[in-house]
Amino acid sequence: MAGKTLFDKIWEKHVVTTIPDGPEVFYIDIQYIHEVTSPQAFDGLRKRGIPVFNTKQVVATPDHNVPTLEQHLPIKNELSRKQVDQLIKNCADFGIELYGLNHPYQGIVHVVGPELGITKPGMTMVCGDSHTSTHGAFGCIAFGIGTSEVEQVLATQCLLQNKPKRMRINIEGKLNKGVYSKDIILYLIAKLTAGGGTGYFIEFAGSAIRSLSMEARMTICNMSIEMGARGGLIAPDETTFNYVKGRKFAPQGADFDAAVTEWKKLYSDIDAQFDAEFTYEAADIAPMITYGTNPGMGVGISENVPSANAIEDIKERESFNKALEYMGFSSGDKLIGKPINYVFVGSCTNARIEDFRIVADVVRGRKKADNVKAYIVPGSKQVEKQIYDEGIDKVLEAAGFQIRQPGCSACLAMNDDKVPAGEYCVSTSNRNFEGRQGQGARTLLASPATAAATAINGYISDVRELI
Amino acid sequence: MEKFQSLISTAVPVSIENIDTDQIIPARFLKATTRDGFGENLFRDWRYNTDNTPKTDFILNDKRFSGKILVGGKNFGCGSSREHAAWAIHDYGFKVVVSSFFADIFKNNALNNSLLPITVSPEFLQKLFTAIESNPTTDIKVDLPEQYIQLVATGERESFEINAYKKECMINGYDNIDYLLSIEDKIKEYEKQR
Ligand code: SF4
């Protein structure tokens, strides 16, 4: 018998029962919830007159809709305020732990879970948010669900799921200077396309992945969904155990050691079979940037906007041209040197402390260009505190950046943090869809280092020339 | 949940690839706390200019096209997990979405909301686009029990796949939570044993 993949091992442990000819009843260890995709689920519970199945396995925090300035004041936008208030009420009514605004643990759900040690190897986790895949960095099966499914998990701690296929992507060797995990994942999506992972759960492996910090691994798993995958995961190792150790909800002392013994069994067997497998060399990856309206439309920063002529399929070519038109680019345009007025460092992809350290290293002793308006938005209250504790705030402020308060912010522009129509924004977030950062806004995805270099120069820049 | 058996209807072709959920329903409309009324803002920024006047070149504003079937390009529904996308399409009046490729989460969300996602081959999708675009009154038949989709006039059809459990749920209007609650004991038993 062939060995098992890491994914299979975790999956099998969580199957409660299988419906003949149907999906499996899949047990969920932790559900994270936020204000936008949960109200209708709680409404459903009320209509049915049922409680939350296991209140201890649900954690809530508002993030999508919150302002990033003056969080101590009532939220000005009425609809946003209502939604956040509704979350407070739902958590109170149903007995769920809430890290509300101004709580020291508030932040973007996918930043908060790991830093509190709630996310641990071998778990199954869901959230009404596609970037739940982030938690896979710890060796978890974590994926986004819709609101009906949020209700299912609240009501029964289970979901009906069909087992996805398994893919493995290996990145071998050493990363070049100026290249970060964000560049790895943008490179992979450009190679495999925005739909290339659909139907799969992806394990990321190889020496380049092993060498990454937990923050960097989270960035990769976070964006596995942008290939269409249900999620991504990475086998836990010493880096993982060291990260989890000592965190608020991590097991302590002998319990921790016992847990590590179990976690060490979480890897894909040597003879495990994958439905698809790809291998890439880290050395081939340059700093990446996107030029279009899906995350697969990315190139190395010193390359030009590709030409539509190479695309054979008519519909595909039309979609490509539509994207360039939206972006105001033409085939063959040089990206480096394009003026940029907005820079956003934030989101569940790149708003952890390591990301701000990287930004600080690039901008130290420099000043941002006058034309640039920059949003620097920490992923959580804890990250925000670290920024101040480590003195990163001084470096950023000296460079002319303003540090805002935690939330999703300009990643999806549900609050006031919007990029105006027609303006370009180099963003560390995960989606460059039309209007994602505001109606008509044009988003270019890149690493925090590339975003920082762009802010300094006021045009798209190759960070390798600044470090 | 609403029951779904079969239907014959004209269709609206949106022949764009990678239609993401941010286009289907932009984030600024996600502030509601109920499921209703999202249809109004379906494809909002493709349908309306910033001054709220309709964009005449977008297909949903083209009076010639209407019906209960939405036909979309490859990789339909990619992006965010917002179920609001499925609610918006359903609320607008569509019962079926056809594409050659769906994003996983969207597909699940659609099935949970009586919106039938049908995956067809790229060739059949092209056939549908051509037929509808050249004649907006083209009738299309969708038969869930028999699992096929057909161009009524020519009889050309393709069968589609759907998980047997999901099919039963759609046909009978069953809901996953009712099922899960019915096996609550099993879930509790599982929890005890781990
Ligand atoms: S930061 Fe962006 S991608 Fe992440 S959870 Fe918030 S809105 Fe979603």
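In this predicted model, A:Arg168 is a buried residue, its relative accessible area being 17%, and its partner in a salt bridge is A:Glu277, with 2.7 Å between nitrogen and oxygen. The two residues belong to distant parts of the chain, since A:Arg168 is in strand β9 (residues 165–172) of chain A while A:Glu277 is in strand β12 (residues 276–281) of chain A, 109 residues apart. The acidic partner is less enclosed in the sense of its class, for A:Glu277 has a relative accessibility of 39% and counts as partly exposed, whereas A:Arg168 falls under the 20% limit that defines a buried residue.

Side chains of opposite charge can pair when their charged atoms come close. Over all chains, a search of the whole structure finds 36 salt bridges, and two further pairs can be followed in chain B. In one of them, B:Asp45 and B:Arg28 form a salt bridge whose closest N and O atoms are 2.6 Å apart. Because B:Asp45 lies in helix α2 (residues 44–47) of chain B and B:Arg28 in the loop between α1 (21–24) and α2 of chain B, this pair ties together parts that are 17 residues apart in sequence. Here the acidic residue is the buried one, with B:Asp45 at 16% relative accessibility, and B:Arg28, at 27%, counts as partly exposed.

In the other pair, B:Glu156 forms a salt bridge with B:Lys127, and the closest N and O atoms are 3.0 Å apart. The parts joined are 29 residues apart in sequence, because B:Glu156 is found in the loop between β7 (148–151) and β8 (157–159) of chain B, and B:Lys127 in helix α5 (residues 122–134) of chain B. Both partners are classed as partly exposed, B:Glu156 at 30% relative accessibility and B:Lys127 with a relative accessible area of 38%. Salt bridges also extend beyond isolated pairs, in that shared partners join A:Arg48, A:Glu151, B:Arg35, B:Glu83, B:Asp175 and B:Asp178 into one network, and this network has members in chain A and in chain B.

The ligand offers a second point of orientation. It sits in the largest cavity, and the residues that surround the ligand are A:His64, A:Ile108, A:His110, A:Asp129, A:His131, A:Ser347, A:Cys348, A:Cys408, A:Cys411, A:Leu412, A:Asn430 and A:Arg436. By character, this shell divides into five nonpolar, five polar and two charged residues.

Two of the residues around the ligand, A:Leu412 and A:Arg436, are also among those touched by B:Arg82. Leaving aside residues up to four places away in sequence, B:Arg82 further touches B:Thr21, B:Asp22, B:Ile25, B:Pro26, B:Ala27, B:Leu30 and B:Asn109. This arginine is placed in the loop between β3 (69–72) and α3 (84–92) of chain B, and at 4% relative accessibility B:Arg82 counts as buried.

Burial can also be followed along whole helices of chain A. Helix α1 (residues 6–13) of chain A is mostly covered, with six of its eight residues buried, namely A:Leu6, A:Phe7, A:Asp8, A:Lys9, A:Ile10 and A:Trp11. In helix α8 (residues 214–222) of chain A, nine of the nine residues are buried, so this helix is largely enclosed by the rest of the structure. The buried residues of α8(A) include the charged A:Glu215 and A:Arg217, together with A:Met214, A:Ala216, A:Met218, A:Thr219, A:Ile220, A:Cys221 and A:Asn222. In helix α2 (residues 39–48) of chain A lies A:Asp43, which is partly exposed with a relative accessible area of 26%. From C-alpha to C-alpha, A:Asp43 and A:Val112 are 25 Å apart in space, and 69 residues separate them in sequence.

Finally, two loop residues deserve a look for their backbone. A:Asn102 is not a glycine, yet it has a positive phi of about 75°; the residue is in the loop between β5 (97–98) and α4 (109–115) of chain A and is partly exposed, with a relative accessible area of 39%. B:Ser114, likewise not a glycine, has a positive phi of about 60° and is placed in the loop between α4 (104–111) and β5 (116–119) of chain B. At 4% relative accessibility, B:Ser114 counts as buried.

Notes. Residues are numbered from 1 along each chain as its sequence is written. Chains are lettered from A and ligands numbered from 1 in the order in which they are written. This is a predicted model: local features need pLDDT of at least 70, side-chain atom pairs count only at pLDDT 80 or more; totals for chains, interfaces and linings use all residues. Side-chain values use heavy atoms; hydrogens and water are left out. A residue is near a molecule or strand if one of its heavy atoms lies within 4 Å of it. On a 1 Å grid over the protein atoms alone, a cavity is a set of points where a 1.4 Å probe fits but cannot get out, and a pocket is an open set with protein on both sides within 12 Å along at least five of seven lines; lining residues have an atom within 4 Å of a point. A molecule sits in a cavity or pocket if more than half of its atoms lie within 2 Å of its grid points. A salt bridge is a side-chain nitrogen of Lys or Arg within 4 Å of a carboxyl oxygen of Asp or Glu. Helices (H or I, at least four residues) and strands (E, at least two) are DSSP runs, numbered from the N terminus. Buried means under 20% relative accessible area, exposed over 50%, partly exposed in between (1.4 Å probe, protein chains only). Contact means heavy atoms within 4.5 Å.
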